[in-house]
Amino acid sequence: QVHLQESGPGLVKPSQTLSLTCTVSGAFITSNLYYWTWLRQPPGKGLEWIGSISAGGSTYYSPSLKSRTSISRDTLKNQFTLQLSSVIPEDTAVYYCANSPGLSVATNYRGQGMQVTVSS
């Protein structure tokens with residue numbers, strides 16, 4: 001069973017960088033198990049795909065967020081990280097990390113989610 005857990009600050013000020021880490025257990029992020037993905041769900045809206053990193057380390061980003069997004073990984077810690085720069089209040093959402101079969105909101109496994117609020 002693959003388990004994912006998000007961690008990071010729950011409150012970020014406008015213009016700062018949001019940084020979240022996903023710790024994976026039950027599988028190695030370097031194994032060929034599709035993609036390791038970040039999703040978010042703003043209040044009252046549907047799930048949005050932010051971006052993914054493959055087992056080989058290639059990264060893929062949503063066109064609407066690409067200019068502000070960076071996904072990286074630490075293979076020794078079996079973690080992958082999301083950085084979203086220049087945040088605005090509209091970036092307030094529940095953020096999820098997941099293992100996914102493709103570059104979309106569909107998931108095989110998903111973390112419980114973490115509320116991140118952008119506010120001064």
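The side chains of Asp-91 and Arg-40 meet in a salt bridge, with N and O 2.8 Å apart; a salt bridge here is a side-chain nitrogen of Lys or Arg within 4 Å of a carboxyl oxygen of Asp or Glu. Because Asp-91 sits in the loop between strand 8 and strand 9 while Arg-40 belongs to strand 4, the pair ties together parts that are 51 residues apart in sequence. Strands, like helices, are DSSP runs numbered from the N terminus (helices: H or I, at least four residues; strands: E, at least two). The structure is a predicted model, in which local features need pLDDT of at least 70 and side-chain atom pairs count only at pLDDT 80 or more, while totals for chains, interfaces and linings use all residues. Residues are numbered from 1 along each chain as its sequence is written, and side-chain values use heavy atoms, with hydrogens and water left out.

Asp-91 also forms a salt bridge with Arg-68, the closest N and O atoms being 2.9 Å apart. This second pair again links distant parts of the chain, as Asp-91 is in the loop between strand 8 and strand 9 and Arg-68 is in the loop between strand 6 (59–61) and strand 7 (69–74), 23 residues apart. Arg-40 in turn meets Glu-48 in a salt bridge, at 2.7 Å from N to O. With these contacts, Arg-40, Glu-48, Arg-68 and Asp-91 are linked in a network of salt bridges, and the count by this rule comes to three. In general terms, side chains of opposite charge can pair when their charged atoms come close.

How do these charged residues stand with respect to solvent, buried or exposed? Buried means under 20% relative accessible area, exposed over 50%, and partly exposed in between (1.4 Å probe, protein chains only). Asp-91 has 1% relative accessibility and so counts as buried. Arg-40, with a relative accessible area of 6%, is buried, and so is Arg-68, at 19%. Glu-48 is partly exposed, with a relative accessible area of 22%.

Attention now turns to the nonpolar interior. The largest nonpolar core has 26 residues, and those with the most contacts inside it are Leu-4, Leu-18, Val-24, Trp-36, Trp-38, Phe-80 and Tyr-95. Such a core is a set of buried Ala, Val, Leu, Ile, Met, Phe, Trp, Tyr and Cys residues joined through side-chain atoms within 4.5 Å. At least two residues of this core come from each of strand 3 (18–25), strand 4 (35–41), strand 5 (48–54), strand 8 (79–84), strand 9 (93–100) and strand 11 (114–118). Strand 3 gives the most, with four residues. Tyr-95 touches partners that include Leu-18, Leu-20, Leu-39, Ile-50, Leu-82, Met-114 and Val-116, and also Arg-40 of the salt-bridge network, residues up to four places away in sequence not being counted. Contact here means heavy atoms within 4.5 Å.

Strand 3 also holds Leu-20, which is buried, with a relative accessible area of 0%. Beyond its neighbours up to four places away in sequence, Leu-20 touches residues among them Pro-9, Trp-38, Phe-80, Leu-82 and Tyr-95. The C-alpha atoms of Leu-20 and Ser-31, eleven residues apart along the chain, are separated by 22 Å. Thr-21, likewise found in strand 3, counts as buried at 19% relative accessibility. Its contacts outside four places in sequence include Gln-5, Glu-6, Trp-38 and Phe-80.

A search of the whole structure finds one disulfide, defined as a pair of cysteine sulfur atoms within 2.5 Å. It joins Cys-22 to Cys-97, with 2.1 Å from S to S. Cys-22 lies in strand 3 and Cys-97 in strand 9, so the pair ties together parts that are 75 residues apart in sequence. The torsion about the S-S bond is about 65 degrees, so the disulfide is right-handed. Cys-22 counts as buried at 0% relative accessibility, and Cys-97 counts as buried at 0% as well.

Strand 3 takes part in an open sheet of four strands in the order 1-3-8-7, with antiparallel pairing; two strands pair if DSSP finds at least two bridges between them. Strand 1 (3–7) and strand 7 stand at the edges with a single partner strand each, so one side of each is left without a neighbour in the sheet. Five bridges join strand 1 to strand 3, and Leu-4 stands opposite Val-24 in strand 3.
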